[in-house]
Amino acid sequence: MWWLDPGKELLQAIFNRVMAPYLENLDMNQVNYGISSGSLTLRNLRLKREALDKFRLPVDVVEGTLGRLQLNIPWRNFSTPMKAEIDDLFLLVNPAASSKYDPADDEKRAQAAKQERLRTAETLQIQEQAQVNEDSLKNQGFVDTILAKIINNFQVTVKNIHIRYEDSVSVPGHPFAAGITLSGFTIISVDGNWEKAFIPSTAGAIHKLAELHSFAVYFNTDSESIRGLPPQQSADKFRSLISTEENPVNEHQFILKPVSGKGKITMNNTISDRVPKFDVELDFEEISFLLDNHQYRDVISMVDMYHFFLRNQQYRKIRPTEEQITEMGRAKALWKFAREAVVGQVHEKHREWSWAHFAERRADRKRYVLLYKKKLPGALQGPDVKEFDDLEAKLSYEDLRFYRSIARAELRKDIQIRRKLEEEKKKEQQAKGGWLSWAWGSSSHASTDEILGVQMNDQRRKELFDALEYDEKAATAAAFDVPKTSLKTRVKARLQKGSLALRSGTTQSSVEIMSIVFQDVWAKAIQRPTSLDALVSLGDLHVYDSTTPNSQYPEIVKIKSDDTPTTSTVHLSSMDEDDNSNALLMVKFEQSPLDERADNGLTVRLRPMEVVYHRGFVEAIYAYFKPPETQMESVAALLDVASETLEGFRNATRAGLEHALQAHKTIDVQMDLQAPIIIVPEDVTHKSSVHLIVDAGHLAIGSELVPKKDVQEIYSK
């Protein structure tokens with residue numbers, strides 16, 4: 001089996017790329033040997049301090065361990081299950097503002113994060129630039145076969161994940177801890193009845209069952225730290241704080257109560273208008289969110305601290321240390337810091353607009369482009385390597401992305417010129433050979449091809465395809481001949497019940513002031529070769545008001561009880577049989593509908609509701625979320641970021657609408673909205689008080705589009 005060595009080398013490279021940046025005591029010799037032998041077990045691995053720098057979070061890793069990582073890879077028997085097991089992943093982080101500043105370490109971490117961003121961006125760029133042709137379709141079919149083989153054989157088991165954040169800086173005197181816990185997650189092979197079994201790849205479909213056990217998010221106020229414990233005690237403590245169905249943890253203040261669910265994944269060998277290639281069903285019983293005023297206080301303080309940290313990050317290099325403050329005096333040290341900060345900004349602005357800076361940037365660009373063109377084909381060596389590394393450390397991420405794009409464009413141009421010259425030279429040689437050139441013949445070569453970057457002859461290709469049970473001709477034909485009605489992917493998700501509650505007071509004597517309960521939430525998406533359908537429905541919604549004792553209206557939002565059918569002039573597009581026609585809210589979006597009635601379709605249906613307006617409830621919610629005056633600056637900065645995001649979304653939406661108008665895109669809008677009945681009582685504690693009732697009526701919107709055939713006739717004239 002000639003492909004075993006390249007496969008092992010590829011897996012070793014992937015393991016080195018994915019795991020090595022995060023693990024400190026990883027023995028690559030042991031990893032390579034374990035992958036080659038087909039059995040790899042690693043224990044008691046430590047996470048690096050910079051493990052989370054990739055995510056650009058203002059936190060530092062205090063301690064992190066991976067208890068056990070085990071891989072079983074049957075290289076010589078693809079019919080045997082491949083297994084991956086991860087146990088006891090524990091991570092403790094704290095704010096980066098509380099860590100001691102180390103210039104060398106910070107620079108090293110910043111460079112590593114920049115390189116990771118470059119690798120990620122270039123990987124995405126390569127995927128976007130991939131061209132679709134016959135060879136790519138062959139490779140895609142081959143990749144699908146490999147993925148099907150891996151998924152059919154692959155089983156995953158994850159146990160005891162606990163990521164904890166401790167903060168004693170944001171709220172002095174009130175340390176808090178927030179964390180994410182996961183009791184277990186498994187993906188196993190099952191049969192058609194969703195019972196555990198190993199199914200050979202020759203079966204008509206591959207079934208996988210994914211189970212999520214007790215995923216939770218907690219936020220404990222006035223919490224004790226678990227930092228500094230011996231390794232074994234620390235692991236035991238982390239493990240004991242993971243809530244499970246058998247052993248719930250009562251000391252946690254959950255923001256998200258433990259959630260469990262199941263996912264059914266089906267990969268079919270065939271594709272049709274009824275059977276999708278990928279079929280995914282997700283089912284969750286209940287998702288509950290809780291938030292009390294102490295948690296909200298600590299969250300706002302944490303945002304304030306992070307805002308302060310990010311604002312002062314640029315001055316961290318010149319900020320005086322405790323030793324300098326003691327030696328020079330606090331006032332003198334801080335005055336020197338302020339002067340250097342202001343003067344440094346002025347000098348930097350002047351330098352950026354100087355001719356010397358422009359000349360330096362031009363020289364750096366030209367030199368980097370030249371060195372990167374050498375690096376791409378692997379010709380960079382000697383002193384050029386150090387010069388290249390120095391330039392990468394000096395230049396910013398944006399400059400590197402731009403200069404690399406220039407280098408690639410120039411390299412592609414050089415390759416095209418070289419190929420053109422070679423073709424011309426070859427034609428000249430053939431012309432000089434004359435009519436006798438046939439007599440000398442030419443050496444015959446076995447036809448070779450490249451699959452996923454590996455050169456293969458006919459024999460090697462046949463051995464590999466036989467081992468994977470891959471039919472190249474059938475896969476290529478299927479890739480080219482796919483009906484537009486066929487289902488590529490179908491995803492269904494259901495949430496039986498969800499809730500959101502706001503509480504006030506201490507943990508022992510908290511009082512609920514508001515709760516929202518929703519039921520029967522459905523989401524469905526269907527992807528076809530040329531179209532996409534998405535549907536979301538909400539079965540029921542209730543909002544409860546607990547701010548006023550003896551209130552006659554504890555339920556201030558509910559579905560109208562005396563719902564009578566109303567006639568509508570709007571023709572709603574038919575829903576699938578799985579959809580609940582009695583849902584409170586239903587939204588369906590269609591991109592390129594199959595019936596070609598329009599370019600897009602939007603259907604919305606809303607049943608009538610009863611809404612009781614209570615001024616005390618509104619004021620209580622406003623007072624609950626109003627931050628302290630001392631933290632308004634940070635909240636305003638957060639709102640500015642949110643406003644910029646919304647502004648970008650608005651501009652993108654406007655640009656999309658302008659393009660749709662210019663391209664004469666059509667949308668079929670069908671809406672049947674029964675507005676809520678609003679009840680405004682004078683006194684919510686007495687039903688005999690004066691009531692104001694507002695009925696907003698019924699809104700129906702329907703599109704009357706010109707048939708596409710008529711539009712085409714008009715354009716043809």
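These are my notes on aromatic pairs, odd phi angles and a surface patch in this structure.

**Entry 1: the model.** I am working from a predicted model, so I read everything below as computed from it.

**Entry 2: aromatic pairs.** I searched the whole structure for aromatic pairs and got 13. I began with Tyr165 and Phe176, whose ring centres are 6.3 Å apart, with 45 degrees between the planes. That makes the pair tilted, because planes have to be under 30 degrees apart to count as stacked and over 60 to count as edge-to-face. I then looked up where the two rings sit in the chain: Tyr165 is in strand S4 (residues 154-167) and Phe176 is in strand S5 (residues 176-190), eleven residues apart. Buried or exposed, I asked of Tyr165 and Phe176? Both Tyr165 and Phe176 came out buried.

**Entry 3: Phe176 again.** Phe176 also pairs with Phe219. Their centres are 5.0 Å apart and their planes are at 15 degrees, so I logged this pair as stacked. Which strand holds Phe219? I found Phe219 in strand S6 (residues 205-220), while Phe176 is in S5, so the pair ties together parts that are 43 residues apart in sequence. Phe219 is buried, as is Phe176.

**Entry 4: a ring cluster.** I followed ring pairs elsewhere and came to a cluster that links Tyr368, Tyr372, Phe388, Phe402 and Tyr403.

**Entry 5: a charge over a ring.** Which ring does the charged end of Lys687 sit over? The ring belongs to Tyr553, and the charged end of Lys687 is 5.7 Å from the ring centre.

**Entry 6: positive phi.** Most residues other than glycine have a negative phi, so I went looking for exceptions. I noted Asp88, with phi near 60 degrees. Asp88 is in strand S3 (residues 82-95). Its relative accessible area is 16%, so I put Asp88 down as buried. I noted Trp194 as well, again with a positive phi near 60 degrees. Trp194 is in the loop between S5 and S6. With a relative accessible area of 22%, Trp194 is partly exposed, because buried needs a value under 20%.

**Entry 7: a nonpolar patch.** On the surface I found a nonpolar patch of about 400 Å². Tyr613, Val618, Ile678, Leu692 and Val694 make up this patch. I checked one of these residues further: Val694 lies in strand S20 (residues 691-695). Val694 has a relative accessible area of 36%, so I entered Val694 as partly exposed.

Definitions and conventions. Residues are numbered from 1 along each chain as its sequence is written. This is a predicted model: local features need pLDDT of at least 70, side-chain atom pairs count only at pLDDT 80 or more; totals for chains, interfaces and linings use all residues. Side-chain values use heavy atoms; hydrogens and water are left out. Rings of Phe, Tyr and Trp (its six-membered ring) pair if their centres lie within 6.5 Å; planes under 30 degrees apart count as stacked, over 60 as edge-to-face and the rest as tilted. Helices (H or I, at least four residues) and strands (E, at least two) are DSSP runs, numbered from the N terminus. Buried means under 20% relative accessible area, exposed over 50%, partly exposed in between (1.4 Å probe, protein chains only). A charge sits over a ring if NZ of Lys or CZ of Arg is within 6 Å of the ring centre and within 35 degrees of the ring normal. Patches are made of residues with over 30% relative accessible area and no salt bridge: like charges are joined within 9 Å, nonpolar side chains (Val, Leu, Ile, Met, Phe, Trp, Tyr) within 5 Å. Accessible areas come from the Shrake-Rupley method with a 1.4 Å probe; for residues, only the protein chains shown count as cover. A salt bridge is a side-chain nitrogen of Lys or Arg within 4 Å of a carboxyl oxygen of Asp or Glu.
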